[in-house]
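Please open the model in your viewer and keep the sequence panel beside it. The tour below goes from the whole chain to single residues, with a selection to make at each stop.

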Amino acid sequence: MADDPVPQLGNKTPLQAAPTPAIDRMAARGLVGSVVNCPPPLPAGSETAILSIFGCDPRRYFTGRSPMEAAAAGITMQHGDAAFRCNLVSFEDGDMPWEEKRILSHSAGSIDGEAAVEAVAALMAEPRFARALEEAGIEIHRFPAFRQLAVQHHSDISGIRFTPPHDHLGERIGQYLPAGNERAEVFVRLMRLAHEILDHHPAAEKRRREGKLPANGVWFWAEGTALALPSFREQYGVDGAVISAVPLCHGIGVLRGLEMVEVAGATGELDTDFEAKLEAVWTKLQEYDFVCLHLEAPDECTHNGDLPGKLKAIEWLDSRLTGPLTERLEQAGLDYRALLLSDHKTLTATRGHGADPVPFLLYDSRKDTGRGGVYDEPSGESGPFIEDGSSLLDMLFHHPL
């Protein structure tokens, strides 16, 4: 949800423009600062930022995004395996060479459910694609969402450059295809073949007739090898749960020994079931001392070029999650500490990620710092600067405000 100033908002950021009275009440009594969750030279994205937020320095533990998503799916990776995200995507229509086409959507228009399953099934049923996968030693694990996961056995990804599709929306794909050495061509071949198969498949044509972007391609990225993370309990002395619609968050939690909580109706989009997520948090707070709640909608709205949606997502984070949750805690007479932040910036100007510091809010219901102010980017910049985001949980558990 963190962003740079947006001209359409009078050079305010979405956090400044959206109404967030519940969060701002906490900010007035708590501590607001800024933090680096994506240390250079690592990529600016959730794969590094959420590792930081969960107390693991990504410079030490990051091997790639997909192995963490594999852990959430219960996929066991062996030594020598590499995992990849295999997004269903939308390329522009036209007779130009495939390499000259632009990528319109990193999520095939937020495809999910049966439509996503149908697109992947169409690929797997095509003998040429199935044979190419087998020759490459690749298995695709299917999910009812744009996020598909691939695992390559006996893999060597050294020297191959993979590029996140959401960072280059609206650009021609040629310069962003897997590259770096001859082993990259395996992935380019699969992506080209997938487009040939899917572009005029009945499922894609149906989405076009419905005014939706077609799932007419796949995109390999987020490569990584197997990893292990230290025990959360051993590090902080508590157990906990992770509530999210995003496999990456769940995977990091699983690798840290936290419970993965899946919520019916949690989509990772603006239509997610806020109330169901709130009830899940409340339930898990009866079992654990620590609960992590993740909301993906501000990020996805930004990638989709939906500024009104981003503003609404931030407003609902306040009015449908933060406000009701803090009210319940206070009515129950419970003391609590809270850490609220964006993992990384997602920029309205580019629809891609940014690595700049993001604001964080640390709050203790038992104390009033008397600092005043609100929660937004300028407030974060005027507060304490934390260079190592992996120290945030130490602050949450042990730092006096």
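What follows is a walk through a predicted model, with the overall view before the individual stops.

**The whole chain**

Begin with the chain in cartoon representation, where 16 helices and 14 strands can be traced. Its radius of gyration is 21 Å, close to the 21 Å that the globule rule gives for 401 residues, so the chain is as compact as a globular protein of that length. If you orient the view along the principal axes, the C-alpha atoms fill a box of roughly 65 × 45 × 35 Å. Among contacts with a separation of 6 or more, 71% are between residues 24 or more positions apart.

Switch next to a surface, which exposes about 16600 Å², with 50% of that area supplied by carbon and sulfur atoms. Of the 401 residues, 54% count as buried. Colouring by charge will pick out 37 positive and 59 negative side chains, and the centres of these two sets lie 1 Å apart.

**Backbone stops**

Most residues other than glycine have a negative phi, and most peptide bonds are trans. The next three selections depart from that pattern in their backbone geometry.

Select Pro-40 and Pro-41, which are joined by a cis peptide bond with omega at about 10 degrees. Pro-41 belongs to the loop that runs between β1 (31–35) and α3 (46–53).

Move on to Ser-110, in the loop between β3 (103–105) and α6 (113–124). This residue has a positive phi of about 60 degrees although it is not a glycine, and its relative accessible area of 22% makes it partly exposed.

Then select Ala-222, for which phi is also positive, at about 60 degrees, although it is not a glycine. Ala-222 sits in strand β6, which covers residues 217–225, and it counts as buried at 8% relative accessibility.

**Glu-47 in helix α3**

Return to helix α3 and select Glu-47. Is its side chain to be looked for at a buried or an exposed position? With a relative accessible area of 7%, Glu-47 is buried, because the cut-off for that class is under 20%. Setting aside residues up to four places away in sequence, Glu-47 touches Phe-62, Arg-65, Met-68, Trp-221 and Leu-248. Among these, Arg-65 deserves a distance label, since its side chain and that of Glu-47 are joined by a polar contact of 3.4 Å. For a sense of scale, draw a line from the C-alpha atom of Glu-47 to that of Arg-172, 125 residues apart along the chain, and the separation will be 25 Å.

**Arg-147 between two strands**

Select Arg-147 in the loop between β4 (138–141) and β5 (149–152). Although it lies in a loop, Arg-147 is buried, with a relative accessible area of 10%. Show its contacts, leaving aside neighbours within four places in sequence, and you should find Arg-85, Ala-245, Val-246, Pro-247, Glu-296 and Glu-300.

**Helix α12 and the loop after it**

Select Val-281 in helix α12, residues 274–285. Val-281 is buried, with a relative accessible area of 4%. Beyond its neighbours within four places in sequence, Val-281 is in contact with Ile-243, Val-291, Leu-293 and Leu-325. From Val-281 to Leu-9, 272 residues apart in sequence, the C-alpha to C-alpha distance is 33 Å.

Now step to Gln-286, in the loop between α12 and β9 (290–293). Here the relative accessible area is 53%, so Gln-286 is exposed. The C-alpha atoms of Gln-286 and Trp-316 lie 24 Å apart, with their positions 30 residues apart in sequence.

**Last stop: Thr-326**

Finish on helix α14, residues 307–331, by selecting Thr-326. Which residues does Thr-326 touch, apart from those up to four places away in sequence? They are Met-26 and Tyr-336. Thr-326 counts as buried at 14% relative accessibility. Display the backbone of Gly-323 as well, since its oxygen lies 3.0 Å from a polar atom of the Thr-326 side chain.

Note on methods: Residues are numbered from 1 along each chain as its sequence is written. This is a predicted model: local features need pLDDT of at least 70, side-chain atom pairs count only at pLDDT 80 or more; totals for chains, interfaces and linings use all residues. Side-chain values use heavy atoms; hydrogens and water are left out. Helices (H or I, at least four residues) and strands (E, at least two) are DSSP runs, numbered from the N terminus. Buried means under 20% relative accessible area, exposed over 50%, partly exposed in between (1.4 Å probe, protein chains only). A polar contact is a pair of N or O atoms within 3.5 Å; within protein, one must be able to donate a hydrogen and the other to accept it, and residues adjacent in sequence count only if both atoms are side-chain atoms. Contact means heavy atoms within 4.5 Å. The radius of gyration is taken over C-alpha atoms; the globule rule is 2.2 Å times the number of residues to the power 0.38. Accessible areas come from the Shrake-Rupley method with a 1.4 Å probe; for residues, only the protein chains shown count as cover. Lys and Arg count as positive and Asp and Glu as negative; His and the chain ends are not counted. The place of a charge is taken as NZ of Lys, CZ of Arg, CG of Asp or CD of Glu.
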